[in-house]
Amino acid sequence: CLSLVAAALFGQGLYIKGKAVVAQVLLERAWAATVSGGEPVKPWSWADTWPVAKVEVGRLQQSAIVLHSASGQAMAFGPGHMLGTPDPGAPGLSVIAAHRDTHFRFLEHVVIGDTVRVTTGDGRTHLFRVSETRIVDAATSGLDPHGTVPRLALVTCYPFGALTEGPLRYVVLAEHVSAL
């Protein structure tokens with residue numbers, strides 16, 4: 001009985017990771033259509049979200065398509081832009097969140113000084129430099145979206161590698177360097 005439960009949990013983990021990979025392929029297509037057409041394109045007909053940005057950390061050779069909203073449904077397929085925070089590159093703190101075991105697994109390897117490249121749906125590219133990492137309680141994160149200068153926060157659950165959800169979040173904070 002115990003081995004059956006273990007096999008089921010292992011299978012569920014593979015399913016979630018497989019879904020994330022397939023979703024990123026469909027999201028890449030929708031992202032390309034969004035940037036070339038200037039209008040949001042849904043990745044599949046029944047999707048309740050659409051690509052709004054692409055985030056890249058060149059040193060780690062990692063990238064992901066960012067979806068409108070950080071709802072549980074959207075984050076099952078990719079990182080989500082937190083509603084109520086400014087778009088990346090706009091004044092204030094833009095917050096992008098994703099799961100630690102799929103799309104933001106690489107955050108544990110981001111270091112101060114790394115460059116984060118964010119391309120928005122209008123085709124503009126914003127460069128951010130990582131200035132700080134911190135571990136916060138999700139309920140009292142202290143992340144304030146208001147401000148006069150563009151900033152970026154990449155957020156995921158913490159600790160990395162944990163098997164259950166907890167109250168802690170790992171936050172990568174970055175300052176706007178330039179817009180291309």
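How many helices and strands make up the secondary structure of the protein? Colour the model by secondary structure and count: 2 helices and 8 strands. Keep in mind that this is a predicted model.

**Whole chain**

Now trace the chain from its start. The elements come in the order α-β-β-α-β-β-β-β-β-β. The radius of gyration is 16 Å, close to the 16 Å from the globule rule for 180 residues, so the protein is as compact as a globular protein of that length. Turn the C-alpha trace along its principal axes. The spans are about 55 × 35 × 30 Å.

**Strand pairing**

Select residues 168–179, strand β8. Add residues 125–137, strand β6. These two strands pair antiparallel, with 11 bridges between them. For one of the bridges, pick Thr133 and look across to Val172 in β8.

Next, add residues 150–157, strand β7. This strand also runs antiparallel to β8, and 7 bridges join the two. Pick Cys157 here. Its bridge partner in β8 is Arg169.

**Contacts and burial**

Show contacts between residues at least 6 apart in sequence. Of these, 56% join residues at least 24 apart. Then colour by burial: 39% of the 180 residues are buried.

**Surface and charge**

Switch on the surface. About 9500 Å² is exposed, and carbon and sulfur atoms supply 60% of that area. Finish with the charged side chains. There are 14 positive and 14 negative ones. The centres of the two sets lie 5 Å apart.

Definitions and conventions
Residues are numbered from 1 along each chain as its sequence is written. This is a predicted model: local features need pLDDT of at least 70, side-chain atom pairs count only at pLDDT 80 or more; totals for chains, interfaces and linings use all residues. Side-chain values use heavy atoms; hydrogens and water are left out. Helices (H or I, at least four residues) and strands (E, at least two) are DSSP runs, numbered from the N terminus. The radius of gyration is taken over C-alpha atoms; the globule rule is 2.2 Å times the number of residues to the power 0.38. Buried means under 20% relative accessible area, exposed over 50%, partly exposed in between (1.4 Å probe, protein chains only). Contact means heavy atoms within 4.5 Å. Accessible areas come from the Shrake-Rupley method with a 1.4 Å probe; for residues, only the protein chains shown count as cover. Lys and Arg count as positive and Asp and Glu as negative; His and the chain ends are not counted. The place of a charge is taken as NZ of Lys, CZ of Arg, CG of Asp or CD of Glu. Two strands pair if DSSP finds at least two bridges between them.
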